[in-house]
Amino acid sequence: MAKLHQTKTPPIQEQVLQAQASPSASESAEYMSNPWDFLDESRKDAEEISRKSLTYAQDCWFRLRRNKTSMLALCVIALMVLSAIFIPLFWGYSYEDQNLNFANIPPKLDIYQLDEDTYVYITKEYKAVLVSEKGDLLEMAQLVNDDKTNRIYRYEVGGKPLVIDYSIYFNARKEMQQLEALERKGKDILAGQVRFLQKYEHSWEKDDVVSAHELELIMENKLTRFEVSYDSQVITAHKTVSNHTYIWGSDSLGRDIFIRVMYGARMSLLVGFMAALINFVIGVFYGGIAGYFGGRLDNVMMRVVDIVSSIPMMLYVILIMVVLGPGLQSIILAMSVTYWVDMARIVRAQVLSLREQEFVMAAQLLGASTKRILIKHLIPNVMGPVMVSMSMQIPSAMFTEAFLSFIGLGVSAPQASWGTLCNDALMGLSSYPYQMFYPALVMSITILAFNLFSDGLRDALDPKLRK
Amino acid sequence: MSRKILEVDQLRTSFFTHLGEVQAIRGVSFCLNEGESIGIVGESGSGKSVTSLSIMRLLQHPGKVVGGEIRLHGENLLQYTPQQMRKVRGEKIAMIFQDPMTSMNPVYTIGNQIEEMILEHKNLTKQEARERAVEMLGMVGIPSPEQRLKNYPHEFSGGMRQRAMIAMALSCSPQILIADEPTTALDVTIQAQILRLIKKLNEEMNMSTILITHDLGVVADVCQRILVMYGGLIMEEGTRSQIFYHPRHPYTMGLLKSIPKASDQKQRLIPILGTPPDLLHPPAGCPFCSRCSFAMNICREKQPPYFKDADGHRVMCWLLSEEAPYVEAYEKQKGGVRA
Amino acid sequence: MAKYIIKRILYSILTIWCIITITFFLMKIIPGDPFAAEKLPNAAVKAAISKQYGFDQPLYIQYVKYLGNFVRGDFGISYQKAGVTVNKIIGDGFPYSLTIGIWASCLVVIVGVSMGIVSALRQNKIADRLIMVMSTLGSTIPSFVLATGFLYLFSKTLGIVPAFGVDEAAGYIGPVLVIGAFSTAFITRLTRTSILEVLQQDYIRTARSKGLSEFRVIVKHALRNALLPVVTYVGPMIASIVTGSFVIEKVFGIPGIGKLFTESIINRDYTMIMGITTFFAVFLVITVLVVDVAYVLIDPRIKYE
């Protein structure tokens, strides 16, 4: 064999010499003094920097925690759950407290100043409510008379008359109906002939042809609804304050929307969690049995699942609700008997593939009991996809609950869920959009949080993403 | 001496994961001559597949070539535009992959997939492409190729599919064929057939081949030169006889000791103990240090240089240094572990 | 192939039979008398009405009769709207729902798939982020909120579309958009995930190694495979669109089948509930069957055995 020679000469010689001249810290000195000594067996791995080895759960948690959106979503969910539990306990009103005097009061109030410290808010039904400067609702103003012919409400506040004249808008609307009828007959509407336009500045010439639709938009958006005069003097809105009594306003029966939304959160979250939990139990049980025992039993059980899953479920939830009657328990029950199928499929597929894996066989060979194999080996490995599926079922159950409540099959009054709140608000939507806005907003945020969290959980548990 | 067709020079490739940079290849250099067939051997994670994907520039995010050059006929492929690179892939360098089961698109017929490649690179009509595809399938030994052309991949067996893959790869007569573990997913008997096929085509078509495998037995038959990779580095490079009969690197020796021999009934297989290094934090010294039975202090601290002899046998190991002590066990194995 | 289709058809028939049976017995176990609310004058009238609806006969005969009528396509007579057959009512309402359903399905498939493709190919770029935000919102906001929001914005404030009914074609815009929103969001995400997954496959690497253009790799090799799971979702998607219409029709005031269904629930009109449920269920089972059979034609891998 030819003598090998070094091709690239690293400056080892010098280093070695230097080191020999001045032996420094023990570790490097040992190497420097004797670079050609055999490495001690114990030191081979001693200094190897290696990744900390993480368990599956730790790894998932680590990945989940790095996902900022899911952590934020988790915080939102936690906040929602805590508010739903605790806020109704100490809030000033209960979800069923009514005060018809204070019905349909929005969260933002345009208030009129009558006196030094007397303020009044006029509702959309022309009721006068005395309020404090800060926005606390105090009482209804005393009604003196309701003049239906002249379209005027007269109240008395502090011994002086408060007059609310809503004739302009009212007459405009009446006129609008005539104009619409005119248009339907195919006649042109000229700007000059429209009476309510006289009181309002506009860019049309007298004989411009205008459409009823354009007029309606002006009427709805530009015309003042009413004129307020106090002690024979016309006054304008003083300022806008937040409703201090009902922070999110009140509904058509004068109930606090905030607390009803919180109470609705209880219902919706309860439905979500319970449905997911019951589906989990049924699904894991059913799927676990089918998957673990396999064979003919599995075949039969899965045919049943196939048939159940090809039945459109929403129809059956509705049908069961019809049979059981509206109510919280019925919703949970209806969802539980219909939505377990997906979970059963997931669990079965997982168990089936895990059962064939070597580690289960190894456990069997080592003499582990069926129970131990199930608890120690199968269930922990199934948990990942099952948890993802559960976290997706919660928002979908909440969705279904809202859906059912919305078509009138949800919890019954005075109880509230987000769906019934939205349904209640639907009637007065054009006048009181806030009644729809708050429950819809809270519901959407919560469902969004659940969706984002389950997305994050899925990504964290996905073995394909693990490196 | 034949011409160099492909030169890989100080290639470095890393994967940028959320844990940090994993340095999969840490400075690999080798060259491929015209008509030559070389083998890259190493265990999983040694960087051999990443090397081939780097050459083809097929690395997927988060993998990235971070340094070095890959020269095809003297031109650096790393500076090619994607357009130019497409001309290289398939036409100049073709590749076949490990798993024939998943390497073909399940929703198109075999014929469609072969013709597609021919039409991409050759100025032929569909009819001519079809004829070429039939010819290629026949060449790789698929019976009644006209009919088989109309089959879907799932209607082929594993070995047949790999043959079809080879037919496809060779359909544009590439200058270089990179075969990445072409036989790993196949039965032993089929393995031999496929290897023989690759060898035959290599000779017939005067094509250069890079065969990547973890199995020394596979390269023994086919390759003239062998590169042993470990921890993202080439540990030893030599001709077939140098590697098999005069191994110099303890890792190569370990690999040789761990393959069974049919002749010797009483031979014991000796595994290499330990696990490969973590390339997220590559060791400062020799990557094999922690598993090497001849490891010295210097091995842990300093990466060895290549020690080369006149025949082109190069080894990255401190034991070959003139200063290294005489180790009897090592010197014994130098003569070839199989003797 | 034929064997597979026959098997699927048999399963569908079995499913339909299950649906009818479940529906029938669910309706029968509702406590109370369906006519209690009507305060019938005397027992004789009540008996006559019971006879007219066949309530005087044993349950199993009623069941067999119902099955028989069902096979002949007869859903019986409405309890509430005296003398009007359920068939007639369904026949009046269904065209509205079908129109909305078809348009919504088209919208979902076209918009959902193309947004999913854009999103996957521009992964983690601005377009992707935007589309993902939109689709997350789409699957988050309940349809009735979306519907009321739509009406509030486009009808009340802007006055572009009518607030009620579908007398003009513009009346369909809202229902179609709102009903499609949830499924569009879902399809977008499904397409995106599916494409990203397919792009990781070995055969995509093979296609690239053949020197094909990126366009060809995506359009020919990635899309066809990626869209297969999307096709399987089309059946359930139609189910979700159709059931979604129950709520939407109420908000938009469309005299479709969904509105009839909610009305019949509130009125406890049991023959109507039964009729509409079974009609819908059968419609959906057949839709899913058609989609599944079509799927076999697209994916050569499905084994028909």
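This report walks through selected features of a predicted model, from chain A as a whole to single residues.

## Chain A in outline

Start with the whole chain. Chain A holds 15 helices and 13 strands. It has 467 residues, and 46% of them count as buried. Now take the contacts in chain A with a separation of 6 or more. Residues 24 or more positions apart account for 64% of these.

The domain assignment splits chain A into named stretches. Domain 1 covers 108-166 + 229-242, domain 2 covers 169-225, and domain 3 covers 257-465. Between the C-alpha centres of domain 2 and domain 3 of chain A, the distance is 54 Å.

## Strands E7, E8 and E11 of chain A

Strand E7 of chain A spans residues 152-157. E7(A) pairs with E8(A) in the antiparallel sense, over six bridges. One of the paired positions joins A:Arg154 to A:Val163 in E8(A). The two strands make a hairpin, with two residues between them. In the turn sits A:Gly158, which has a positive phi of about 55 degrees.

E8(A) also pairs with strand E11 of chain A, residues 227-230. These strands run antiparallel and are joined by four bridges. Here A:Asp165 stands opposite A:Glu227 in E11(A).

## Helix H6 of chain A

Helix H6 of chain A runs through residues 167-184, which makes 18 residues. From first C-alpha to last, H6(A) reaches 26 Å, close to the 26 Å expected at 1.5 Å a residue. Just after H6(A) comes A:Gly186, with a positive phi of about 95 degrees.

Which residues of H6(A) are buried? They are A:Ser167, A:Tyr169, A:Ala172, A:Glu175, A:Met176 and A:Leu179. Their arc around the axis is only 165 degrees, so they sit on the same side of H6(A). On the other side of H6(A), the exposed residues are A:Gln177, A:Gln178 and A:Arg184. What do the buried residues of H6(A) pack against? Their partners in chain A are strand E8 (160-165), strand E9 (189-190) and helix H7 (212-222).

## The nonpolar cores

The largest nonpolar core has 170 residues. Those with the most contacts inside this core are A:Ile318, A:Trp418, C:Met27 and C:Phe144. Helix H9 of chain C, residues 214-252, gives the most to this core, with 18 residues. Apart from this core lies another, of 108 residues. B:Val134, B:Val140, B:Val219 and B:Cys299 are among its members.

Look more closely at A:Trp418. Leaving out residues up to four places away in sequence, A:Trp418 touches A:Met80, A:Val261, A:Gly264, A:Ala265 and A:Ser268, among others. The same list includes A:Met398, A:Pro439, A:Val442, A:Met443 and A:Thr446.

## A four-strand sheet in chain B

Four strands of chain B form an open sheet, in the order E2-E1-E4-E5, with antiparallel pairing. Strand E2 (20-33) and strand E5 (75-76) each have a single partner strand, so one side of each is left without a neighbour in the sheet.

Strand E1 of chain B covers residues 4-17, and strand E4 of chain B covers residues 63-72. E1(B) and E4(B) pair over eight bridges, in the antiparallel sense. B:Arg12 has B:Gly67 in E4(B) as its bridge partner, and B:Leu6 stands opposite B:Leu72. E1(B) also pairs with E2(B), antiparallel, over 11 bridges. There, B:Ser14 stands opposite B:Gln23. A hairpin of two residues links E1(B) to E2(B).

## Two buried residues

B:Gly42 lies in the loop between strand E3 (37-41) and helix H1 (48-56) of chain B. Is B:Gly42 buried or exposed? B:Gly42 counts as buried, because its relative accessibility is 1% and the cut-off is under 20%. Leaving out residues up to four places away in sequence, B:Gly42 touches B:Lys48, B:Thr213, B:His214, B:Met229 and B:Tyr251. B:Gly232 is 190 residues from B:Gly42 along the chain, yet their C-alpha atoms are separated by 9.7 Å.

A:Ser330 belongs to helix H11 of chain A, residues 328-355. A:Ser330 is buried too, with a relative accessible area of 10%. With residues up to four places away in sequence left out, A:Ser330 touches A:Met321, A:Leu324 and A:Gly325.

Definitions and conventions: Residues are numbered from 1 along each chain as its sequence is written. Chains are lettered from A and ligands numbered from 1 in the order in which they are written. This is a predicted model: local features need pLDDT of at least 70, side-chain atom pairs count only at pLDDT 80 or more; totals for chains, interfaces and linings use all residues. Side-chain values use heavy atoms; hydrogens and water are left out. The expected span of a helix is 1.5 Å times one less than its number of residues. Buried means under 20% relative accessible area, exposed over 50%, partly exposed in between (1.4 Å probe, protein chains only). The arc is that of the directions from the helix axis to the C-beta atoms. Contact means heavy atoms within 4.5 Å. A nonpolar core is a set of buried Ala, Val, Leu, Ile, Met, Phe, Trp, Tyr and Cys residues joined through side-chain atoms within 4.5 Å. Domain bounds come from an automatic or database domain assignment. Two strands pair if DSSP finds at least two bridges between them.
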